[in-house]
Amino acid sequence: MGRDVPPITVSQHDRRHYREKVRQCLDALARMLRDSWFETESQQVGLEVELHLVDESGEPSMRSPDVLAAIGDPHWAAELGRFNVEINVPPRPLAADVLDQLEGHLLASLKHADQRAGDVGSRLAMIGILPSLRQADVSEDAMSANPRFRLLNEEICAARGEDARIDIEGPEQLLIHVDNIMPEAACTSLQCHLQVSPEAFGSYWNAAQAVAGVQVAVGANAPFLFGRELWRETRITLFQQATDTRSEELRIQGVRPRVWFGERWITSVFDLFEENIRYFPALLPLSTDDDPLAELARGETPALEELTLHNGTVYRWNRPVYAVDGGRPHLRVENRVLPAGPTVADVTANAAFYYGLVRSLAEAERPVWTQMSFAAAAENLVEGARHGIDASVYWPELGVLPVAELTLRVLLPQAREGLRRWGVDARHADRCLDIIEERCRARRTGATWQTETVHLLEQRSGIDRHTALRRMTQRYIEHMHTNEPVHSWPPGG
């Protein structure tokens, strides 16, 4: 989850001092990598799931403070919009019955949270973009009260110097201009954390980058935004455009966006943190009094707070995470490409597919990233987001082929082998990966179910688009609570 910040006014001195502190943190990280400070034995996984709040009619509910108070669980937190909440699933070893544990924990937590939300007139919707959301719902008034979000909004808008242009074209087109970052609150995601050793980090990050396009294609769940049918996973382009700090001139010059896929394969986690400092100015220049190099000299583990805070404002689709647990530092790959939902079973299946696949690819004798260009991986992400399960992507030795065929023929067997290597129980692994298989065979994702249902409602009932989206949202939530995977949902509801 994002770190809270106090209300502040940022000065030029703050920025200069913060830059110096971030560089000190980077120096400390380099020494820690060199001197083997990091946890290497334990491979743990954890999940973060963002959700929307809706009222009884399927419209967005702006009551996250009330909902969080009713839930009363520190694992739940506010997000950017007052119609968002997030759950943080505690980490656990990647072995044995971990998939069953993750699913059981999420099911129990969501049941409890939905019941408590109902007490204040709200329901939870685990979906990539809330279909009933309108542009008027993402005004600055809908922003959560947390000073962190307010400061981010001010800094991003000031850096851009003009309204953000959001231009998305799919079956329909959306072109709007906004003066804040609130459209980003429309995006709710599943974030899969995987703890790895420093020595293996480069391989796992590269593997995660290589499969990002496939992940998005087979997990797409965000086809509507502000009443328009756009990309199958509209989150990908919306997130980048809504939080862009670049003016049109800077984009033309090739300045990198803060929502970033990257531009090269890496050999070390250090490469990513160094790029963050080299390419991206601070958005939250808040410094502590800690001296990370002095802490190292005393044999203490530094928190590297400036480095981690800065890292949290560079929105890589696969982000490096430095953290300290019990006095011992560790590294994680945070996979951020997937949307939330549709069901807990689908979420667990998406996570299992990812964890198994990156294990196989990271340990392959001939790594996939040595056989394909980085640009091809980036193009796969865009293709997967645009077309979802109907996308065609590039894969080494196979060329361009339908993503469903690639998944069924090549990637699912590799994911099964990867989960086996992790020591995951075969029964749990098979149940999860069978969901991915059936999704590919049926060509049905959350995105295809949503669009089919809306079109049928419009045709059969003669209702307007917003009414169709609202009713579809209500049916979606009903199916979500059955925990039956989305490929089994009947078309049209």
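Which residues does Arg235 touch, not counting residues up to four places away in sequence? In this predicted model, the contacts of Arg235 comprise Gly128, Ile129, Cys187, Thr188, Ser189, Ala222, Trp317, Arg336, Val337, Leu338 and Pro339. Arg235 belongs to helix H6, which spans residues 235-242. With a relative accessible area of 3%, Arg235 is buried, since the cut-off for that class is under 20%. Between the C-alpha atoms of Arg235 and Asn221 the separation is 8.9 Å, the two residues being 14 positions apart along the chain.

Two asparagine residues were examined in the same manner. Asn380 is located in helix H12 and, at 5% relative accessibility, is classed as buried. Beyond residues up to four places away in sequence, Asn380 is in contact with Gly213, Met372, Val393 and Tyr394. Asn88, by contrast, is placed in strand E3, residues 84-93, and its relative accessibility of 26% makes this residue partly exposed. Asn88 and Leu106 are separated by 18 residues in sequence, and their C-alpha atoms lie 9.5 Å apart.

Attention then turns to charged side chains. Side chains of opposite charge can pair when their charged atoms come close. The count of salt bridges in the model comes to 34. One of them joins Arg431 to Glu103, with 2.7 Å between the closest N and O atoms. Arg431 is part of helix H14 (residues 426-442) and Glu103 is part of helix H3 (residues 98-118), so this pair ties together parts that are 328 residues apart in sequence. The two partners differ in burial: Arg431 is partly exposed at 39% relative accessibility, whereas Glu103 is buried at 7%.

A further salt bridge is formed by the side chains of Arg366 and Glu397, at an N to O distance of 3.6 Å. This pair also links distant parts of the chain, 31 residues apart: Arg366 lies in the loop between helix H11 (344-362) and helix H12 (374-387), and Glu397 in the loop between strand E14 (392-395) and strand E15 (399-402). Both Arg366 and Glu397 are exposed. Helix H12 thus recurs in the description, as the element that holds Asn380.

Glu452 and Arg444 likewise meet through their side chains in a salt bridge, with 2.8 Å from N to O. Within this pair, Glu452 is partly exposed, at 28% relative accessibility, while Arg444 is buried, having a relative accessible area of 13%. In addition to such pairs, salt bridges with shared partners connect Arg359, Glu363, Glu417, Arg420 and Arg421 in one network.

Charged residues outside salt bridges were considered last. A negative surface patch is made up of Glu140, Asp141, Glu154, Glu162, Asp163, Asp179, Glu248 and Glu249. Among these residues, Asp141 is situated in the loop that runs between strand E4 (123-125) and helix H4 (147-160). The relative accessibility of Asp141 is 64%, and this residue therefore counts as exposed, the cut-off for that class being over 50%.

Technical notes
Residues are numbered from 1 along each chain as its sequence is written. This is a predicted model: local features need pLDDT of at least 70, side-chain atom pairs count only at pLDDT 80 or more; totals for chains, interfaces and linings use all residues. Side-chain values use heavy atoms; hydrogens and water are left out. Patches are made of residues with over 30% relative accessible area and no salt bridge: like charges are joined within 9 Å, nonpolar side chains (Val, Leu, Ile, Met, Phe, Trp, Tyr) within 5 Å. Accessible areas come from the Shrake-Rupley method with a 1.4 Å probe; for residues, only the protein chains shown count as cover. A salt bridge is a side-chain nitrogen of Lys or Arg within 4 Å of a carboxyl oxygen of Asp or Glu. Lys and Arg count as positive and Asp and Glu as negative; His and the chain ends are not counted. The place of a charge is taken as NZ of Lys, CZ of Arg, CG of Asp or CD of Glu. Helices (H or I, at least four residues) and strands (E, at least two) are DSSP runs, numbered from the N terminus. Buried means under 20% relative accessible area, exposed over 50%, partly exposed in between (1.4 Å probe, protein chains only). Contact means heavy atoms within 4.5 Å.
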